Amino acid sequence: MARKVGSVGAETADKVRNAAVGLFARYGYAAVSMRQIGREIGLQAGAIYNHFPTKQHLLRGLMIDHMERLLGSWDRERDDALAPRAALIAFVRFHIRYHLQCGEEVFISYMELRNLEEDNFVEIGELRRRYEMSLRQILEQGRADGVFTIADPQVGTMAIIAMLTGINNWYKADGRLSLEQIEELYIGMIAGAVGLKEI
């Protein structure tokens, strides 16, 4: 059965996105041209413009896709009925496991923020704040309940997310520690950072 024209177009757009992710992660957004992306998948640059009018459109789309998948996954995983201690542990485990599955996308979402045009930067920033707010609310509730002694949940949120995302820079699946051991170490360190004495 012949494929529909729309399905062919969607496949081509997916190939462009996948090639762009690899090239942006390897060389940086500024150093990669649409022509280079096309060569990677055997397309003329003009064919890419049928799907992405500019390279900025492509970068914006990659970042939005990443953040929307992250938010959707967390919404399915989260349990708002959990007490702050359990909710914090669940967030830490989720963040580590999710981000290790998509290292190139995570790298791009942090390193290429500087290359977003202003409107796109604002749009991505709002999605990031939605995710960060989940952790901030856990910290604020824990402090209100007397479970955490963290002085500033907003700053704590930024510090914890930066700490967790940094695992992507050094984690190796065949390294000295298993993923489970690393999770336990990070849970312990973050528990100390927020003033939670017992895990």
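**Contacts, cavities and salt bridges in an all-helical model**

Arg 128 touches Met 67, Ser 109, Tyr 110 and Leu 113, when residues up to four places away in sequence are not counted. This residue belongs to helix 7. The structure described here is a predicted model. Arg 128 is buried, yet it has no salt bridge. The nearest side chain of opposite charge is that of Glu 132, at 4.4 Å. Because a salt bridge requires a side-chain nitrogen of Lys or Arg within 4 Å of a carboxyl oxygen of Asp or Glu, the distance of 4.4 Å between Arg 128 and Glu 132 does not qualify.

The overall fold provides the setting for this residue. The secondary structure of the protein consists of 9 helices and 0 strands, and the pattern read along the sequence is α-α-α-α-α-α-α-α-α. Along the principal axes, the C-alpha atoms fill a box of roughly 60 × 40 × 40 Å. Of the 199 residues in the protein, 43% are buried. Among contacts with a separation of 6 or more, 70% are made by residues 24 or more positions apart. One example of closeness in space despite separation in sequence is given by Gly 103 and Thr 165, which are 62 residues apart in sequence but 9.5 Å apart in space, C-alpha to C-alpha. Gly 103 lies in helix 6. With a relative accessibility of 33%, Gly 103 counts as partly exposed, because the partly exposed class falls between the limits of 20% and 50%.

A search of the whole structure identified 2 cavities of 30 Å³ or more. The largest cavity holds about 70 Å³ of space. Its lining is formed by His 66, Met 67, Leu 70, His 99, Ser 109, Tyr 110, Arg 128, Tyr 131 and Glu 132. Helix 4 (55-77), helix 6 (103-111) and helix 7 (118-144) are the elements that each give two or more residues to this lining. Classified by residue type, the lining of the largest cavity comprises 4 nonpolar, 3 polar and 2 charged residues. Arg 128 and Glu 132 are both part of this lining, and the three residues Met 67, Ser 109 and Tyr 110, which Arg 128 touches, also line the largest cavity.

The second largest cavity contains about 40 Å³ of space. The residues that line the second largest cavity are Val 21, Leu 62, Met 63, His 66, Glu 105, Ile 108 and Ser 109. Here, helix 4 and helix 6 are the elements that give two or more residues to the lining. The lining of the second largest cavity divides into 4 nonpolar, 2 polar and 1 charged residue. His 66 and Ser 109 appear in the linings of both cavities.

Charged side chains were examined next. Side chains of opposite charge can pair when their charged atoms come close. The structure holds 10 salt bridges. One of these joins Arg 60 and Glu 123, whose closest N and O atoms are 2.9 Å apart. Since Arg 60 lies in helix 4 and Glu 123 in helix 7, the pair ties together parts that are 63 residues apart in sequence. Both partners are partly exposed: the relative accessibility is 28% for Arg 60 and 30% for Glu 123.

A further salt bridge is formed by the side chains of Glu 183 and Arg 93, with an N to O distance of 2.7 Å. This pair links distant parts of the chain, as Glu 183 lies in helix 9 (residues 179-194) and Arg 93 in helix 5 (residues 84-100), 90 residues apart. The two partners fall into separate accessibility classes. Glu 183 is buried, with a relative accessible area of 0%, whereas Arg 93 is partly exposed, with a relative accessible area of 27%. Both residues also belong to a network of salt bridges that links Arg 93, Arg 97, Glu 183 and Glu 184.

A salt bridge within a single helix is found between the side chains of Glu 126 and Arg 129, at 3.4 Å from N to O. Because these two residues are 3 residues apart in helix 7, Glu 126 and Arg 129 are separated by about one helical turn. Glu 126 is partly exposed at 40% relative accessibility, and Arg 129 is likewise partly exposed, with a relative accessible area of 45%.

Definitions and conventions:
Residues are numbered from 1 along each chain as its sequence is written. This is a predicted model: local features need pLDDT of at least 70, side-chain atom pairs count only at pLDDT 80 or more; totals for chains, interfaces and linings use all residues. Side-chain values use heavy atoms; hydrogens and water are left out. On a 1 Å grid over the protein atoms alone, a cavity is a set of points where a 1.4 Å probe fits but cannot get out, and a pocket is an open set with protein on both sides within 12 Å along at least five of seven lines; lining residues have an atom within 4 Å of a point. Grid points are joined across faces, edges and corners, and a volume is the space filled by probe spheres set on the points. Helices (H or I, at least four residues) and strands (E, at least two) are DSSP runs, numbered from the N terminus. Ala, Val, Leu, Ile, Met, Phe, Trp, Tyr, Cys and Pro count as nonpolar, Asp, Glu, Lys and Arg as charged, and the others, Gly among them, as polar. Buried means under 20% relative accessible area, exposed over 50%, partly exposed in between (1.4 Å probe, protein chains only). Lys and Arg count as positive and Asp and Glu as negative; His and the chain ends are not counted. Contact means heavy atoms within 4.5 Å.
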